[in-house]
Amino acid sequence: MAAYTWEYDATTGVYKNHALSRDVLRAAIAETEFHMHTKQVSGFGRRRGETVTIPRTRNVSEPTTGIVTEQNKIPIDTFLMSTVAITVSEFGRGVEFTHKSDILSSYDIKNSIQKALKDQMQLVLDTRAARAFKLAQLTYTPTGPASGTLETAAAATVTAASNLTFKHLGLIRDIMRQDYHMPFYGQGHYVGLLSTKAARGIKSDTTFQEMTKYLKPADLVYNSAIGKAEQTVVVEVNHATALSNNRGTDNVLGEAVFFGSESVGLAEVETPEIRMAIPADFGRAHAAAWYGIFEYGILWDTANDGEARIIFVTSA
């Protein structure tokens, strides 16, 4: 009589394959970089209405000379102020699941849903913050490997003919520092958030490679930073919804933003959080969601010297 064998006689299905790993693998998401570079608006929150108005002082222009002659009065200049407003909205998404699916599952389905919702929430916040950065009134479009066009408009009218290069990094830094006197983001540096394609244009440049190869980890400030040069910490953003990788002629350009301090504000009434719904249908129907009341807004929506804080690298 033939012996019972696992290969030929064991019943297929659960009997033969009954082990389930204790580990639940999670799909990866894009890294989120924009939210951390925003500034929370103070003095705003619950029971303060839906809009916060932020006052801004404008510069008093420098005179040709500050000399005052003995017989003349001191000249009087005009001091001006302006405001910018941010209006909050409700944001949120949810997932429903049944009591049966939760109680019969070998792993904690509720925990997995909450983690997935948290990932989604981070992406939505990052995209919303990026939207505010891209409202900059200064746009820069590379027209060649060592040339570009700066426009004082929220939308570029020039079509890009080149990706970003190290030469552009220097040109943009000089525009920020010399032409618009943008204050540094912190500790003597600006920040550049670059799409993966834009970052590749910088990383492939041998000059950038030489300038960054001796940097220490502490010099890079951020985990996703690829280098620091021209007083700018360069950070790669692989979140394509936030920054496009396909702009310009033949999709040659990846988008980027360069900025100093006080660039984008966060007005928050209720901090985004994960919430569990009250069970329905006698405890058989469950749901989880993330929810918050907030909005991101550009703090200096002008192209004036001393006021503009962001340059958006893009194309028509």
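Four strands form an open sheet in the order β1-β11-β12-β4, with mixed pairing. Its edge strands are β1 (39–40) and β4, each of which pairs on one side only. The model is predicted. Another open sheet has 7 strands, and a search of the whole structure finds 13 salt bridges.

**The sheet of 4 strands**

- Strand β12 covers residues 285–298, and 12 of its 14 residues are buried.
- Strand β4 (residues 89–98) runs antiparallel to β12, and 10 bridges join the two.
- Within this pairing, R93 has W290 of β12 as its bridge partner, and G92 stands opposite Y291 in β12.
- Strand β11 (residues 264–276) also runs antiparallel to β12, joined to it by 10 bridges.
- Here the bridge partner of E270 is I293 in β12.
- Which strands does helix α3 lie across? Helix α3 lies across β4, β11 and β12, and its direction is at about 15° to β12.
- In a regular strand, side chains alternate between the two faces of the sheet.

**The sheet of 7 strands**

- The strand order is β6-β5-β13-β10-β7-β9-β8, and the pairing is mixed.
- The edges are formed by β6 (147–151) and β8 (225–229), each pairing on one side only.
- On average, neighbouring strands of this sheet are turned by 20° against each other, direction ignored.
- Helix α5 (residues 196–203) packs on this sheet, where α5 touches β7 (190–195), β8, β9 and β10 (256–259).
- The direction of α5 makes about 115° with that of β7.
- The edge strand β8 pairs with β9 (residues 232–237) in the antiparallel sense, over 4 bridges.
- In this pair of strands, A229 stands opposite T232 of β9.

**Salt bridges between distant parts of the chain**

- R58 and E307 meet through their side chains in a salt bridge, at 2.9 Å from N to O.
- These two residues are 249 residues apart: R58 is in the loop between β2 (51–57) and β3 (81–87), and E307 is in the loop between β12 and β13 (310–313).
- Is E307 buried or exposed? E307 counts as buried because its relative accessibility is 4%, under the 20% cut-off.
- R58 has a relative accessible area of 30%, so this residue is partly exposed.
- E295 and R128 also meet in a salt bridge, at 2.7 Å from N to O.
- This pair links strand β12, which holds E295, to helix α3 (residues 109–133), which holds R128; the two residues are 167 residues apart.
- E295 is buried because its relative accessible area is 6%, whereas R128, at 25%, is partly exposed.

**A network of salt bridges**

- Which residues are linked in a network of salt bridges? The network links R46, E270, E273 and R275.
- Within the network, E273 forms a salt bridge with R275, and the closest N and O atoms are 3.0 Å apart.
- E273 counts as partly exposed because its relative accessibility is 37%.
- R275 is partly exposed too, with a relative accessible area of 32%.
- One of the network residues, E270, is the bridge partner of I293 in β12.

**A nonpolar patch on the surface**

- Y4, W6 and Y15 form a nonpolar patch on the surface, and together they have about 400 Å² of accessible area.
- Where does Y4 lie? Y4 lies in the segment before α1 (6–9).
- Y4 counts as exposed because its relative accessibility is 56%, which is over the 50% cut-off.

**A buried serine in a loop**

- S261 is placed in the loop between β10 and β11.
- S261 is buried because its relative accessible area is 19%, and buried means under 20%.
- Leaving out residues up to four places away in sequence, S261 touches P183, F184, Y185 and R309.

Methods
Residues are numbered from 1 along each chain as its sequence is written. This is a predicted model: local features need pLDDT of at least 70, side-chain atom pairs count only at pLDDT 80 or more; totals for chains, interfaces and linings use all residues. Side-chain values use heavy atoms; hydrogens and water are left out. Two strands pair if DSSP finds at least two bridges between them. Axes are lines fitted to C-alpha atoms, for helices over the stretch in contact, and angles run from 0 to 180 degrees between N-to-C directions. Contact means heavy atoms within 4.5 Å. Buried means under 20% relative accessible area, exposed over 50%, partly exposed in between (1.4 Å probe, protein chains only). Patches are made of residues with over 30% relative accessible area and no salt bridge: like charges are joined within 9 Å, nonpolar side chains (Val, Leu, Ile, Met, Phe, Trp, Tyr) within 5 Å. Accessible areas come from the Shrake-Rupley method with a 1.4 Å probe; for residues, only the protein chains shown count as cover. A salt bridge is a side-chain nitrogen of Lys or Arg within 4 Å of a carboxyl oxygen of Asp or Glu.
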